[in-house]
Amino acid sequence: MIDSCTHVLIVDIDQSADVKRENVYLGGMSLAERCRIFKEMDVGTVICGGISATFAQMLTSSDIGFVNGIAGDIDAVLAAFIKDQLDDPSFYMPGYKETAP
């Protein structure tokens with residue numbers, strides 16, 4: 001759950017390639033602090049297994065997109081994201097049910 005995880009991997013993608021990775025510690029940070037960190041790091045999209053409605057709204061209000069319900073090998077997930085293929089059910093969290101927007 002992105003709301004309470006202690007670490008996130010920030011990946012800089014440039015021209016469809018993974019060019020930089022940074023592990024960021026978020027332990028003890030509030031949702032507002034997490035959102036601020038993401039904004040300061042120029043995060044465009046958060047890919048996660050789970051997110052609360054409150055944090056989802058905060059990200060959306062900060063012009064940060066998110067893809068919820070995702071699981072899998074980091075490199076495979078990033079490759080699918082770059083190719084706009086994260087809608088493949090093989091990346092869905094167990095028990096994840098896609099809902100209409």
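This note sets out numbered points on a predicted model, covering its pocket, its side-chain pairs and several individual residues.

1. **The largest pocket.** The largest pocket holds about 830 Å³ of space. It is lined by 31 residues, and those closest to its centre are Leu9, Ile10, Val11, Thr45 and Ile47. Four elements each give two or more residues to this lining: strand 1 (7–14), strand 2 (17–25), strand 3 (45–47) and helix 3 (74–82). Strand 1 contributes the most, with 7 residues.

2. **Character of the lining.** By residue class, the lining of the largest pocket comprises 20 nonpolar, 6 polar and 5 charged residues. The residues closest to the pocket centre include Leu9, Ile10 and Val11.

3. **Salt bridge between strand 2 and helix 3.** The structure contains 2 salt bridges. In one of them, arginine 21 pairs with aspartate 75, and the closest N and O atoms are 2.5 Å apart. This pair links distant parts of the chain, since arginine 21 belongs to strand 2 and aspartate 75 to helix 3, 54 residues apart. Arginine 21 has a relative accessibility of 39% and therefore counts as partly exposed. Aspartate 75, at 46% relative accessibility, is likewise classed as partly exposed. Strand 2 and helix 3 are also among the elements that give two or more residues to the lining of the largest pocket.

4. **Salt bridge within helix 1.** Arginine 36 forms a salt bridge with glutamate 40, with 3.0 Å between the closest N and O atoms. The two residues lie 4 residues apart in helix 1 (residues 31–40), so about one helical turn separates them. What is the exposure class of each partner? Arginine 36 is partly exposed, with a relative accessible area of 41%, whereas glutamate 40 reaches 55% and counts as exposed. The cut-off for the exposed class is over 50%. In general terms, side chains of opposite charge can pair when their charged atoms come close.

5. **The aromatic pair.** The structure has 1 aromatic pair. The ring centres of phenylalanine 38 and phenylalanine 55 are 6.3 Å apart and the ring planes meet at 40°, so the pair is classed as tilted. Here too the pair links distant parts of the chain: phenylalanine 38 is in helix 1 and phenylalanine 55 is in helix 2 (residues 53–61), 17 residues apart. Phenylalanine 38 is buried, at 3% relative accessibility, and phenylalanine 55 is buried, at 0%.

6. **Valine 77.** Valine 77 is located in helix 3. Its relative accessible area is 8%, and valine 77 is therefore buried. Leaving aside residues up to four places away in sequence, valine 77 touches Ile47, Ile70, Ala71, Gly72, Leu86 and Phe91. The C-alpha atoms of valine 77 and isoleucine 47 are 8.8 Å apart, while the two residues are 30 apart in sequence. Ile47 is also one of the residues closest to the centre of the largest pocket.

7. **Alanine 80.** Alanine 80 is another residue of helix 3. At 4% relative accessibility, alanine 80 is buried. With residues up to four places away in sequence excluded, alanine 80 touches Gln85, Leu86 and Phe91. Leu86 and Phe91 also appear among the contacts of valine 77. As for a long-range separation, alanine 80 and glutamate 33 are 29 Å apart in space from C-alpha to C-alpha and 47 residues apart in sequence.

8. **Positive phi at aspartate 42 and aspartate 84.** Most residues other than glycine have a negative phi. Which values do these two aspartates take? Phi of aspartate 42 is near 60°, a positive value in a residue other than glycine. Aspartate 42 sits in the loop between helix 1 and strand 3, and at 68% relative accessibility it counts as exposed. Aspartate 84 likewise has a positive phi near 60°. Aspartate 84 belongs to the segment after helix 3 and, at 67% relative accessibility, is exposed.

Definitions and conventions:
Residues are numbered from 1 along each chain as its sequence is written. This is a predicted model: local features need pLDDT of at least 70, side-chain atom pairs count only at pLDDT 80 or more; totals for chains, interfaces and linings use all residues. Side-chain values use heavy atoms; hydrogens and water are left out. On a 1 Å grid over the protein atoms alone, a cavity is a set of points where a 1.4 Å probe fits but cannot get out, and a pocket is an open set with protein on both sides within 12 Å along at least five of seven lines; lining residues have an atom within 4 Å of a point. Grid points are joined across faces, edges and corners, and a volume is the space filled by probe spheres set on the points. Ala, Val, Leu, Ile, Met, Phe, Trp, Tyr, Cys and Pro count as nonpolar, Asp, Glu, Lys and Arg as charged, and the others, Gly among them, as polar. A salt bridge is a side-chain nitrogen of Lys or Arg within 4 Å of a carboxyl oxygen of Asp or Glu. Buried means under 20% relative accessible area, exposed over 50%, partly exposed in between (1.4 Å probe, protein chains only). Rings of Phe, Tyr and Trp (its six-membered ring) pair if their centres lie within 6.5 Å; planes under 30 degrees apart count as stacked, over 60 as edge-to-face and the rest as tilted. Contact means heavy atoms within 4.5 Å.
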